[in-house]
Amino acid sequence: MADVAREAGVSHQTVSRVLNDHPNVRTETRTRVLEAIDKLGYRRNLVARALVTKHSRTLGVVSFDTTLYGPASTVYGIERAARAAGYFVSIVSLKSIDRSGVRDALDYLADQGVDGIVVVAPQRSAAQALADLPLGVPTVAVEGGEAGDVSVVCVDQVEGGRLATRHLLDLGHETVWHVSGPSDWLEAEGRVAGWRETLERAGRPVPEPLAGDWSPRSGYAAGQRLADMTDVRAVFVANDQMALGLLRAFTERGVRVPERVSVVGFDDIPESEFFSPPLTTIGQDFGAVGRHSIEVLLRQIEGGLAQARERLVVPPSFVLRGSTTRAG
């Protein structure tokens, strides 16, 4: 910092003010200091800064199985929001989320001196693990259900299920079949609840859901079963990947979409508009989830652990494409 001050012809206090974006620095002085920083290749010592300020400017993220579109997009949204807020991110990815794994991940990040932690907790086991753990660091759960005293940011999965089912009923279909996600997933549970509630309120039959595991293969297996049922006219699939498999099975069995069966997916993955036919689906704003989770976490960091628990719910969106049509 002294070298930069000499190069720019200012005091080291002025250099400090520029580095900390202090408003009371003249534009020409700020420019000189920034040019000196660039010329000398100056980098702040973040470890020393953390010792002085008691803040590392680093946030921890605990996630798992980031090959799945939803969790991967959530982590990306969190990381972008954290960097926009001026924080670095340290990510711990777990093969499976249970109490022991979550505790180890939280302890590891706490030992690194992170200012706060976001846990991507879409499974019931993860939410329960958070609810059982004593947390000494500000923590936010994403898709965490009722995670004890932990603040939660989530997409309204129940409303997403309602939107998909209501659309198909509004097209004149008598009922809607459902291919669900894994039972331990809070997102799958919410989508089933929205689907079932909408059918029951409309006084329509509620078929037994077909269980999937989020993969195209499980959607393909469900599609083979549904193709053999002559009364199936509308299907809500709990994610777009399973919908892809279902569409393949229908094509092989000669079941035309949407002429014979209308299909709605969930997630609005980038590929869904290029399915054959383009997939009507429910979108999730992962960018908003990331921004809100960081906003809630920063309020906790600034207000301390006594900050009141928050629950922020991001609404889903309906995306109309070519895989649905009016009942014939």
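**Strand pairing, cores and loop geometry in a predicted model**

Strand 8 (residues 234–237) and strand 9 are paired in the parallel sense, with three bridges between them. Strands are DSSP runs of E of at least two residues, and helices are DSSP runs of H or I of at least four residues, both numbered from the N terminus; two strands pair if DSSP finds at least two bridges between them. The structure is a predicted model, in which local features need pLDDT of at least 70 and side-chain atom pairs count only at pLDDT 80 or more, while totals for chains, interfaces and linings use all residues. Residues are numbered from 1 along each chain as its sequence is written, and side-chain values use heavy atoms, with hydrogens and water left out.

Within the pairing of strands 8 and 9, Val235 stands opposite Val263 of strand 9. Both strands belong to an open sheet of four strands in the order 7-6-8-9, with parallel pairing. Strand 7 (210–211) and strand 9 (262–264) are the edge strands, each pairing on one side only. Strands of a sheet pair through backbone hydrogen bonds, either parallel or antiparallel.

Val235 and Val263 also appear in the largest nonpolar core, which has 45 residues; together with Leu226 and Phe250, they have the most contacts inside this core. A nonpolar core is a set of buried Ala, Val, Leu, Ile, Met, Phe, Trp, Tyr and Cys residues joined through side-chain atoms within 4.5 Å. Buried means under 20% relative accessible area, exposed means over 50%, and partly exposed lies in between (1.4 Å probe, protein chains only). Helix 11 (residues 240–252) gives the most to the 45-residue core, contributing five residues. Another core, of 22 residues, lies apart from it and includes Leu59, Ala81, Ala288 and Leu298. When residues up to four places away in sequence are not counted, Val263 touches, among others, Val235, Leu246, Phe250, Leu279 and Thr324; contact means heavy atoms within 4.5 Å.

Over the protein chain there are twelve helices and twelve strands. The C-alpha atoms fill a box of roughly 80 × 45 × 30 Å, taken along the principal axes. Of the 328 residues in the chain, 50% are buried. Among the contacts with a separation of 6 or more, 71% are between residues 24 or more positions apart.

Strand 1 (residues 58–64) is largely enclosed by the rest of the structure, because seven of its seven residues are buried. Thr58, Gly60, Val62 and Phe64 point one way from strand 1, and Leu59, Val61 and Ser63 point the other way. In a regular strand the side chains alternate between the two faces of the sheet. Strand 1 pairs in the parallel sense with strand 2 (residues 88–94) over seven bridges, and the bridge partner of Thr58 in strand 2 is Phe88. Strand 1 also pairs in the parallel sense with strand 3 (residues 116–120), over four bridges; here Gly60 has Ile117 as its bridge partner.

Strand 5 (residues 151–155) is likewise largely enclosed, since five of its five residues are buried. Ser151, Val153 and Val155 point one way from this strand, whereas Val152 and Cys154 point the other way. Strand 5 is paired with strand 4 (residues 139–142) in the parallel sense over three bridges, with Val152 as the bridge partner of Ala141. Four bridges join strand 5 to strand 11 (residues 311–314), again in parallel, and Val155 has Val314 as its bridge partner.

Glu79 is located in helix 5 (residues 69–84) and counts as partly exposed because its relative accessibility is 24%. Glu79 and Arg291 are separated by 212 residues in sequence, yet their C-alpha atoms are 9.2 Å apart in space.

Several loop residues have notable backbone angles. A cis peptide bond joins Val257 and Pro258, with omega of about 10°, and Pro258 lies in the loop between helix 11 and strand 9. A further cis peptide bond joins Ser276 and Pro277, with omega of about 0°; Pro277 is found in the loop between strand 9 and strand 10 (281–283). Asp267, in the loop between strand 9 and strand 10, has a positive phi of about 120° although it is not a glycine. Asp268, in the loop between strand 9 and strand 10, has a positive phi of about 55°, and it is not a glycine either. At 9% relative accessibility, Asp267 counts as buried, whereas Asp268, at 24%, counts as partly exposed.
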